[in-house]
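Please open the model in a viewer and keep a selection tool at hand. The stops below say what to select and what is found there.

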Amino acid sequence: MNSSPIENNNTFSDDEIDVRQLLKVILDSKIIIIAITTFFSIAAVIYSLLLPNIYESKALLSPVGEQVSSNQSMKNLGGLASLAGIDISNQGGGNSAKAIEKLGTLSFFQDNILPNIFLPDLMAIKSWDAKSNNIKYNERLFNSEKQAWTEIPSPQESYKVFMSLLEFSKDFDTGFISVSIKHQSPYIAKEWTDLIVNQVNYFFRAKDKQEAQAALDFLNFQIAQTSFTEIKEVIAQLLQQKMQTLTLIEANEFYVFSYIDPPMVMEEKSEPSRSSISILGAILGGLLGILFAIVRHYLTNRNI
């Protein structure tokens, strides 16, 4: 059977009474709600003021153009080189894609970043003084006078903290790469961003140089061993190509990435947003105050 219009009207009236009752409870408890809201607002402001300023230094990078060379001569000797386990194909192909993946690895941090940074700046920093540009360290972790650790952090612990400061991404529309570091000191943020770019270039330059030199040694050995003129001509072409590759490796300062926009020492902080924290604290306090008033009213009426 369908409910009668009278029953529907009664239900509507009951709902309306509940809403009015709820508003009355909130208005009657406005002092408590305002007190809780004020408390959380003040707590949020104090908390936001205790947070240190964080500065972000960002670099915009462009992949260095890969060399394009003739593959016909390499095909003529590809089988011979592969017997020796040496890749004499074009050096540097895909280095930019590999470099992006390399940035986030533990091995890159441990071999290329960790030896080139002052570890307390990563693991024991307490605050940075903008006027004197001095860093204060947590003395429970690192004694700045004795330059001694209470307990030296492991590379893996340091890696986790460093990765929380590092951000990198690729814009697939333009191909540009963004790399940034966040730190309490804008000078260290800029220094470490520069370090990352330099070490990526260094790593792949050294890797390709070693491979090109190995290919040169192999080709020199083969040209001395063969008596066939045709093979010597092919090897001579490959030797010339590898010499050009080595020359370019040594000449290019920016081997994998070059700067479109280099990192800077930023004057303005990137975080925290103290106004946002304060607003969120006030909103949270207001919601908790209303909830407290409703629950108290419900419990009081139930006990009567």
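The protein chain has 10 helices and 8 strands; helices (H or I, at least four residues) and strands (E, at least two) are DSSP runs, numbered from the N terminus. This is a predicted model, in which local features need pLDDT of at least 70 and side-chain atom pairs count only at pLDDT 80 or more, while totals for chains, interfaces and linings use all residues. Residues are numbered from 1 along each chain as its sequence is written, and side-chain values use heavy atoms, with hydrogens and water left out.

**Whole chain**

Show the surface. About 19000 Å² of the protein chain is accessible, and 58% of that belongs to carbon and sulfur atoms; accessible areas come from the Shrake-Rupley method with a 1.4 Å probe, and for residues only the protein chains shown count as cover. Of the 304 residues, 34% count as buried. Buried means under 20% relative accessible area, exposed over 50%, and partly exposed in between (1.4 Å probe, protein chains only). Among contacts (heavy atoms within 4.5 Å) between residues at least 6 apart in sequence, 77% join residues at least 24 apart.

**The largest nonpolar core**

Select Ile113, Leu122, Phe162, Trp192, Ile196, Val200 and Phe257. Of the 39 residues in the largest nonpolar core, these touch the most other members. A nonpolar core is a set of buried Ala, Val, Leu, Ile, Met, Phe, Trp, Tyr and Cys residues joined through side-chain atoms within 4.5 Å. Elements that each supply at least two residues of this core include strand 1 (55-63), helix 5 (106-113), helix 7 (155-165), strand 7 (177-183) and helix 8 (186-225). Which element gives the largest share of this core? Helix 8 does, with 8 residues.

Centre on Ile113. Not counting residues up to four places away in sequence, Ile113 touches Phe108, Phe162, Leu195, Ile196 and Gln199. Then select Leu219, Val234, Leu238 and Leu239, which are among the 9 residues of another core, lying apart from the largest one.

**Aromatic rings**

There are 12 aromatic pairs in the structure. Rings of Phe, Tyr and Trp (its six-membered ring) pair if their centres lie within 6.5 Å; planes under 30 degrees apart count as stacked, over 60 as edge-to-face and the rest as tilted. Show Phe162 with Trp192: the ring centres are 5.9 Å apart and the planes are at 50°, so this pair is tilted. Because Phe162 lies in helix 7 and Trp192 in helix 8, the pair ties together parts that are 30 residues apart in sequence. Both Phe162 and Trp192 are buried. Add Phe109 and Tyr159 to see the cluster that ring pairs form with Phe162 and Trp192.

**Salt bridges**

Next, colour the charged side chains. The structure holds 6 salt bridges, a salt bridge being a side-chain nitrogen of Lys or Arg within 4 Å of a carboxyl oxygen of Asp or Glu.

Select Lys182 and Glu271, which form a salt bridge with their closest N and O atoms 3.0 Å apart. Glu271 lies in the loop between strand 8 (257-261) and helix 10 and Lys182 in strand 7, so the pair ties together parts that are 89 residues apart in sequence. Lys182 is buried, at 16% relative accessible area, whereas Glu271 is partly exposed, at 32%. Adding Glu167 shows a network of salt bridges that links Glu167, Lys182 and Glu271.

Move to helix 1 (residues 5-28), where Lys24 and Asp28 lie 4 residues apart, about one turn of the helix. Their side chains meet in a salt bridge (3.0 Å, N to O). Lys24 is partly exposed at 47% relative accessibility, and Asp28 is exposed at 56%.

Glu211 and Lys207, both in helix 8, are also 4 residues apart, about one turn of the helix. The salt bridge between their side chains spans 3.3 Å, N to O. Glu211 has a relative accessible area of 33% and is partly exposed; Lys207 is partly exposed too, at 27%.

**Helix 10**

Last, select Ile290 in helix 10. At 29% relative accessibility, Ile290 counts as partly exposed. Ile290 touches Ile26 and Ile33, not counting residues up to four places away in sequence. Thr37 is 253 residues from Ile290 in sequence, yet their C-alpha atoms are 9.4 Å apart.

Leu299 is also found in helix 10 (residues 274-303) and is partly exposed at 36% relative accessibility. Together with Leu284, Leu288, Leu291, Val295 and Tyr298, Leu299 forms a nonpolar patch on the surface with about 530 Å² of accessible area. Patches are made of residues with over 30% relative accessible area and no salt bridge: like charges are joined within 9 Å, nonpolar side chains (Val, Leu, Ile, Met, Phe, Trp, Tyr) within 5 Å.
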